[in-house]
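Reader: Got a minute to go through this one with me? I'd like to know what stands behind the labels.

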Amino acid sequence: MKALSLVSLGAGGAFCATFALLHIAQGADSSAELARFGKAYAVVRANYVEAPKDQDLVEGALSGMLGNLDPHSSYFDPRTFAAMQVKTEGQYGGVGLVIGLDESLVTVISPIEDTPASKAGIKAGDHILSIDGKLITGQKLDDVQDKLRGPAGTKVTLSIIRQNMHDPFDVTVTRQVIAVEAVTHKRMGDLGYIKIPAFNEHTDSGLRTAIAALKKEIGPKLKGYILDLRDDGGGLLDQAVAVSDDLLDGGEIVSIRGRSRDDTQRFDAQPGDIADGKAIVILVNGGTASASEIVAGALQDHRRARVEGTVSFGKGSVQTVIPLDNGRAGALHMTTARYYTPSGRSIQTTGIVPDVFVADSSDRSSSFQSLIGREADLPHHLAAEGTPIKSDVASVIRPDPKKAYADFQLTYATQLLNGPHPARRR
Amino acid sequence: MKKYGLVGMGGVAGFAAALMMFPAAHGSNDGSAYRQLDLFSDAFERVRANYVRPVQDSELVNNAIEGMVSGLDPHSSYMDAKTFADMQIQTRGEFGGLGIEVTMEDGLVKVISPIDDTPAAKAGIKTGDFIAAINSTPIQGMALNDAIDKMRGPNGSKVSLTILRPGTKKPFDVNLTRAVIHVDSVKYHREGDVGYIRVSAFNERTGPGVEKAIRDLRAQIGNGLRGYVLDLRNDLGGLLDQAIDVSDDLLASGEIVSTRGRHAEDTQRYDAKSGDITGGKPVVVLINGGTASASEIVAGALQDHKRATVVGMTSFGKGSVQTIIPLGPGGGALRLTTARYYTPSGHSIQATGIVPDYAVSQGDDDDSTKLLRTSEAKLPGHLTGEAAKKQNQTVIKPAPGKKYDDFQLSYALDLLRGQKTVAAVTKSADAN
């Protein structure tokens, strides 16, 4: 391989012949393709209008190679990789925006309350045109998010386009540490409602606290729980496993399968159900992704919960960070495996199909869903496996158009748990 | 040169061939070059071995080369084997387009007008439509030239456009079959005692078209002919040889343009042959932010030789040359920026653009201070120009309350006639 690279950096004419021969003789051998890259690299080094930096060329190449595999794979250059280390240490700041792509325009889905973004008046539906004077249109969402993040206390300037405003305007905000999104709960009659907005290191303990508090507040009348996973984009796998384990008495929670059999990992539930077997309805929608889909899939497969709402996002892939040259050359952030629910379903693209299809009442939610789309809508998404599950659209339960519901899916969930045919643990 | 010219300001004669003998890597960079190549090999092997599903080696390398090249500047790119083959069909004259005039607005490509009897017109594409994606590739952040390139392709090949139509909620796809579009790039008419020549693009008919225009206008207007207006506004360029021909028509001698690469031996100079087909009549060249590439060569050459007065707003600033470099059998080709253009006085057009002799704004809408005005300097990753001299220039605008169909043209006509019919105000502005 190295010898070939040398050839490619040397003389072109002789090399073409070598290339052709190799191609025929060895078929899928990677050397020929590597040599082709070596040749392109040599051509650019020698002929580009300015002397390029070797490092920039290879970083561009890695970025192109990884970035086109699927929407979640990417290359972290050394600077980004170093910044990521900081991020996991928790002193990293953000502006407090949930963003999505709308026809390749970066769009604010919602500003998080009490964050720099919401205080600066950034609104849902605003388009972000540039960050610190650099155009971000056409960039990947991950990259945009990275640009918004930075050390707490530093400033960032966003150029915003707002509907009905002719000209874009600039907003400068100071990054701050964004409080991790906590699990919240409330009593709804004899039912306990628990909302999990994200899977972070506090999620499992948050769920335990919520269930303990609801048990205490409602007492023996407690009929069941609503676990709201709508618009929960996921997060940490171990927390998804822990949350599922809290509510399952045994059995597999999820398995992760890579290219080869040896890569398969299984996660099983330990005995004990902190909800004491009480009925559970899980709410999902198109914004329910990744870790949330693991929980919904596990509880659905074990018939521990009924899943209600609309089909989830369908992000069933695992990314691994592979440092290059001990991180000095950045790292590959690459999809290496898929998640499977206990019954062996891949979540990828298909998502979790609810037991009860219930449409949402609010316009905001439907526009939100069309805004972020689903995994299957992302360019170069990893394909689904197995036969596609057909959803019977006719059986979607919709709100009575004459009545106003603040949250029809939630109302319907309470009916499922309270109604004439209460959901029971089967 | 003609062979590749259609792709953009493409090949310079003989250049691509010379490049096939790569100068061997030399000097202190060697270590770094190999280290980086090793790093790439390492990453490549990891992806091959560990990515969730097997991927074709050729696909990985295609994407790597594309990533390497497209990160250099907005005009460099990689053509895989198929795209390269398609391009070669184009250059055999079987080159197809859709038949729409487009512009850039709010970062999207906007349809100015579909041309009658073309695939676009037949498919119902309308004035004011926005093109959001070409073959599902979003065009946000893409340079207009590059978006146009993507719409072009072999005659008979298919392309799908995602259209956003104001008043229609959802974007929709339109499938079109490319056809050979015959667009006359030169139009002309008499403006009293002045010959007005509009050049909308530099294609293979442009040089002869300008010559015919001048002949006809001379015959029509006769002895009273005061001069010419050469309108290069929103002309995004095209073929280098045609830009040279048009400049040569109006210049009696001297250098027109030079292209300079990394190495001194790559420099090419193009000189005017004797003879000025206008007989030395005064010329005003109109430019604006949409004047790019080949158009900037003409404006720059005529300005430097003081052959023409340049009126309008600072031009786009695309002063780079792309060369097509094939990577061997089945290997596709690089479209690589290999040189810059320089005007006869030695100014690089890149990023700076052509600064008019009279900065004349069409009105408020045309204000160069507008944030979304596109120029080379605003493209992500653009090649930097030479340090531009900051100069304060006054911008001439229509007087408040006055409306003109085309204030810049009216101003140009006044200049040629030595009169002042327009009501103008001047404002101090930063020309950069």
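Author: Sure. Let's start with a side chain: the backbone oxygen of Q220(B) sits 3.4 Å from a polar atom of the R190(B) side chain. Bear in mind that this is a predicted model.

Reader: What makes that pair, R190(B) and the backbone oxygen of Q220(B), a polar contact?

Author: The cut-off is 3.5 Å between N or O atoms, and the distance here is 3.4 Å, so the pair counts as a polar contact. The R190(B) side chain also has a polar atom 2.7 Å from the backbone oxygen of G192(B).

Reader: Why is R190(B) called partly exposed?

Author: Its relative accessibility is 42%. Buried would need under 20% and exposed over 50%, so R190(B) falls in between.

Reader: Where is R190(B) in the fold, and which residues does it touch beyond its sequence neighbours?

Author: It's in strand β10 of chain B, residues 186-191. Leaving aside neighbours within four places, R190(B) is in contact with L217(B), Q220(B) and I221(B). Its C-alpha is 9.5 Å from that of Y228(B), 38 residues away along the chain.

Reader: Now the largest nonpolar core: how do you know that both chains supply residues to it?

Author: Look at the elements that each give at least two residues: α3, α4 and β18 of chain A, together with α3, α4 and β18 of chain B. The core has 45 residues, and α3(B) gives the most, with seven.

Reader: Which chain B residues does F37(A) touch?

Author: L37(B), F40(B), V61(B), A64(B), I65(B) and M68(B). F37(A) is also among the residues with the most contacts inside that core.

Notes:
Residues are numbered from 1 along each chain as its sequence is written. Chains are lettered from A and ligands numbered from 1 in the order in which they are written. This is a predicted model: local features need pLDDT of at least 70, side-chain atom pairs count only at pLDDT 80 or more; totals for chains, interfaces and linings use all residues. Side-chain values use heavy atoms; hydrogens and water are left out. A nonpolar core is a set of buried Ala, Val, Leu, Ile, Met, Phe, Trp, Tyr and Cys residues joined through side-chain atoms within 4.5 Å. Buried means under 20% relative accessible area, exposed over 50%, partly exposed in between (1.4 Å probe, protein chains only). Helices (H or I, at least four residues) and strands (E, at least two) are DSSP runs, numbered from the N terminus. Contact means heavy atoms within 4.5 Å. A polar contact is a pair of N or O atoms within 3.5 Å; within protein, one must be able to donate a hydrogen and the other to accept it, and residues adjacent in sequence count only if both atoms are side-chain atoms.
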